[in-house]
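Colleague: Before this model is discussed further, I should like to hear the reasoning behind the terms applied to it.

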Amino acid sequence: MANDRRHLQHLVDLAKEPSEERRRQLLKEVTDLFMNSSDGLSETERGHFGDIMGRVAAEMESKVRQVLSERLARHAGAPHDLIAQLANDSIEVARPVLEHSPVLDETDLVAIASHQSQDHLAAVAVRPSVSETVSDHLVARGDDRVLLSLVSNRGARFSRAGMAAVVDRAEANAQLHKPLINRGDVPPDMLHRMFWTVSAPLRQKILEATANIPGDEVDRLLADAETEIMAGLSTLATGHTVKGPAFDPSTIDMAEKFAHNKEAAGQLTPDLLVQLLRQGQVAYFVTGFARLVGVDTQTARRILYDPSGEAVAIACKAVAFDRVYFSNLLLMTDQSGSRRPEEIQKLAEIYDQIAPETAQRAMRFWKLRAKTLGKIG
């Protein structure tokens, strides 16, 4: 008891000293006392300690506050107001508690994500656990560095709207492709949105990730995505830049009518499409192909003029076009003439390896856009 009284009197004496060195010593000793006795403190006593440490720390240089932040960062019983004070300090001070403190609640983190610097957001993004609500705010305000940290964090959770926004951003940021696809929680329809912009190995991962989803689950996912699009919450982005020739709207209208009439007469066949392409009737070819495989014209153009040729392989396998027709299509849609014979052979091998069920499942996601646009129209 005597020792406690002497220690208390020592702290009182330190508090009376105005020098920076004595104030630094006071902060250290009060922090030591708190760390050694925090388990037995009431909430009121904890608050008093936090108030004292916060007041003294506010008068100290940044390095001193940083040391305090590091000491308290993983302490589950640290005073909330003090931790919140440190979390809103300069990033050097804030980072330890932003990254690790279990004391910060969702309200604290949302406020920080809404108002603090990108460095603060990046620190929040790597926390062991990030809720959907906090992720939404990080996605809304975060730069590419914040998003990369967030999608690379397996402890981060995303709402559907938040994930859709990240997938949209990933179109122009290749660094996001691999961590997104490797997460395992990106909805299949969004994975297929990414198909057009990612590398060949990642395209294969997308096909593999959605190959074994039960049919009724695919139906549910497609219905959810369709409802979302119809409600205007998102667009089924297939990329802002569509390869291939552009067509005059009036030409497309005529081509659509032509394809409709040929289909009604049972004359819309792969042979007819090849004939149209050889005659230079590209718009008629594209709209006919779109109708045969069940997508809208824009998606058909994206499939046909995908530089890798893999999308054509998937579409042709899904509707059981034969291998010769597929190879001819690759040659005839090669606008630049740069596709070498060995590339054609490799793509033909890919065509052979794709399971019809996998191709059909990919097409179901690609057809979603055409189906939804038809309802809107």
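The exchange below takes up the chain as a whole, its core and its aromatic residues.

Modeller: Please bear in mind that this is a predicted model. The chain has 23 helices and zero strands, and buried residues make up 48% of its 377 residues.

Colleague: What share of the contacts in the chain with a separation of 6 or more comes from residues 24 or more positions apart?

Modeller: Such residues account for 64% of those contacts. As for the surface, about 18,500 Å² of the chain is accessible, and carbon and sulfur atoms hold 51% of that area.

Colleague: Which residues touch the most other members of the largest nonpolar core?

Modeller: They are L138, F289 and I303, in a core of 101 residues. Helix α20 (residues 310-318) gives the most to this core, namely seven residues. Leaving aside residues up to four places away in sequence, F289 touches L273, A300, I303, L304, A315, F321 and L329.

Colleague: How many aromatic pairs does a search of the whole structure find?

Modeller: The search finds seven. In one of them, F321 and Y325 lie 4.9 Å apart, centre to centre, with 85° between the planes. Edge-to-face requires over 60 degrees, and the pair is accordingly edge-to-face. Both F321 and Y325 are buried.

Colleague: Why is the pair of F326 and Y351 called stacked?

Modeller: Ring centres must lie within 6.5 Å for a pair, and planes under 30 degrees apart count as stacked. The centres of F326 and Y351 are 4.9 Å apart and their planes are at 15°, so both conditions are met and the pair is stacked. The pair links distant parts of the chain, since F326 belongs to helix α21 (residues 323-332) and Y351 to helix α22 (residues 341-353), 25 residues apart.

Colleague: How do you know whether F326 is buried or exposed?

Modeller: The relative accessible area of F326 is 0%, and the cut-off for buried is under 20%, so F326 is buried.

Colleague: And what makes Y351 buried or exposed?

Modeller: Y351 has a relative accessible area of 6%, which is also under 20%, so Y351 is buried. In addition, the charged end of K317 sits over the ring of Y351, 4.7 Å from its centre.

Colleague: Which residues form one aromatic cluster?

Modeller: The cluster consists of F195, W196 and W366. Over the ring of F195 sits the charged end of R203, at 4.4 Å from the ring centre.

Methods:
Residues numbered from 1 in each chain as written. Predicted model: local features only at pLDDT ≥ 70, side-chain atom pairs only at ≥ 80, totals over all residues. Heavy atoms only, no water. Core = buried A, V, L, I, M, F, W, Y, C linked by side-chain atoms within 4.5 Å. Buried < 20%, exposed > 50% of the residue type's maximum accessible area, 1.4 Å probe, protein only. Helix = DSSP H or I, 4+ residues; strand = E, 2+ residues; numbered from the N terminus. Contact = heavy atoms within 4.5 Å. Areas by Shrake-Rupley, 256 points an atom, 1.4 Å probe, with all protein chains shown as cover. Phe/Tyr/Trp six-rings, centres within 6.5 Å; stacked < 30°, edge-to-face > 60°. Lys NZ or Arg CZ within 6 Å of the ring centre and 35° of its normal.
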